[in-house]
Amino acid sequence: EAANFKRDRIDVAIRVGKVPGPDYSSDGAQITFRMSESWADVTAMHLWDDFITPVCSRGFIEQPGPITSVEDLSKHCLIHNMARPDCWSAWLGAQGHPGLTGRARLEVGHSYMAVLAARSGQGIACVPTIVIETPEGRDELVRPFDLALRSSGAYYLLCPREKALSPEVKLFSSWLAAQY
């Protein structure tokens with residue numbers, strides 16, 4: 001949900017999307033989330049770029065046959081995150097396979113649901129790398145390809161302009177940026 005610092009009486013918000021001004025590539029997966037209800041008097045500090053990549057469970061990658069090429073994805077169920085519906089098409093297009101579809105399609109409403117479905121062996125999800133960089137993600141998920149696509153957007157720490165230089169926000173943003 002878009003941040004509203006006055007209404008919600010919050011100091012900072014972490015959001016993924018696009019800030020006003022910069023031109024973003026149309027080649028990457030598009031992020032259409034609205035980060036702030038108003039950009040007046042809001043500061044955005046870049047934390048991390050957003051990348052997407054396919055993932056599946058360790059057991060899934062070995063059945064029903066290994067996944068050794070992008071073409072092999074056509075034999076499997078592809079899990080689609082409907083909050084970011086173009087992840088698969090953007091990633092496949094970047095790999096030179098824009099029309100490839102899976103044997104089946106599972107649609108879920110959020111990246112975390114896509115990760116849960118992949119972890120439980122329901123198929124292969126194309127998700128932001130940040131959601132799989134957790135200890136449990138690293139233990140339970142594998143990337144069949146070492147190919148990530150940069151999205152058109154990034155993760156930002158948002159705060160009211162008057163708080164941006166406060167020691168608390170500076171310390172928190174430095175700590176946060178070092179986590180990923």
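**Exercise 1. Determine how many positive and how many negative side chains the protein chain has, and how far apart the centres of the two sets lie.**

Solution. In this predicted model, the protein chain carries 18 positive and 21 negative side chains. Taking the centre of each set as the next step, one finds that the two centres lie 3 Å apart.

**Exercise 2. Describe the order of helices and strands, and the box that the C-alpha atoms fill.**

Solution. Begin with the elements themselves, which are 5 helices and 7 strands. Following the sequence from its start, these elements give the pattern α-β-β-β-α-β-α-β-α-β-β-α. Along the principal axes, the C-alpha atoms of the protein chain then fill a box of roughly 55 × 30 × 25 Å.

**Exercise 3. State what share of the residues is buried, and what share of the contacts with a separation of 6 or more joins residues 24 or more positions apart.**

Solution. Of the 180 residues in the protein chain, 44% are buried. Turning to contacts with a separation of 6 or more, 78% of them are accounted for by residues 24 or more positions apart.

**Exercise 4. Decide whether Ile-52 is buried or exposed, and place this residue in its surroundings.**

Solution. First locate Ile-52 in strand β2, which covers residues 42–57. Next consider its relative accessibility: because the value is 0% and buried means under 20%, Ile-52 counts as buried. Then list its partners, leaving aside residues up to four places away in sequence; Ile-52 touches, among them, Ala-29, Cys-87, Trp-91, Cys-126 and Leu-149. Finally, compare sequence with space: Ile-52 and Arg-143 are 91 residues apart in sequence, while their C-alpha atoms are 11 Å apart.

Definitions and conventions. Residues are numbered from 1 along each chain as its sequence is written. This is a predicted model: local features need pLDDT of at least 70, side-chain atom pairs count only at pLDDT 80 or more; totals for chains, interfaces and linings use all residues. Side-chain values use heavy atoms; hydrogens and water are left out. Helices (H or I, at least four residues) and strands (E, at least two) are DSSP runs, numbered from the N terminus. Buried means under 20% relative accessible area, exposed over 50%, partly exposed in between (1.4 Å probe, protein chains only). Contact means heavy atoms within 4.5 Å. Lys and Arg count as positive and Asp and Glu as negative; His and the chain ends are not counted. The place of a charge is taken as NZ of Lys, CZ of Arg, CG of Asp or CD of Glu.
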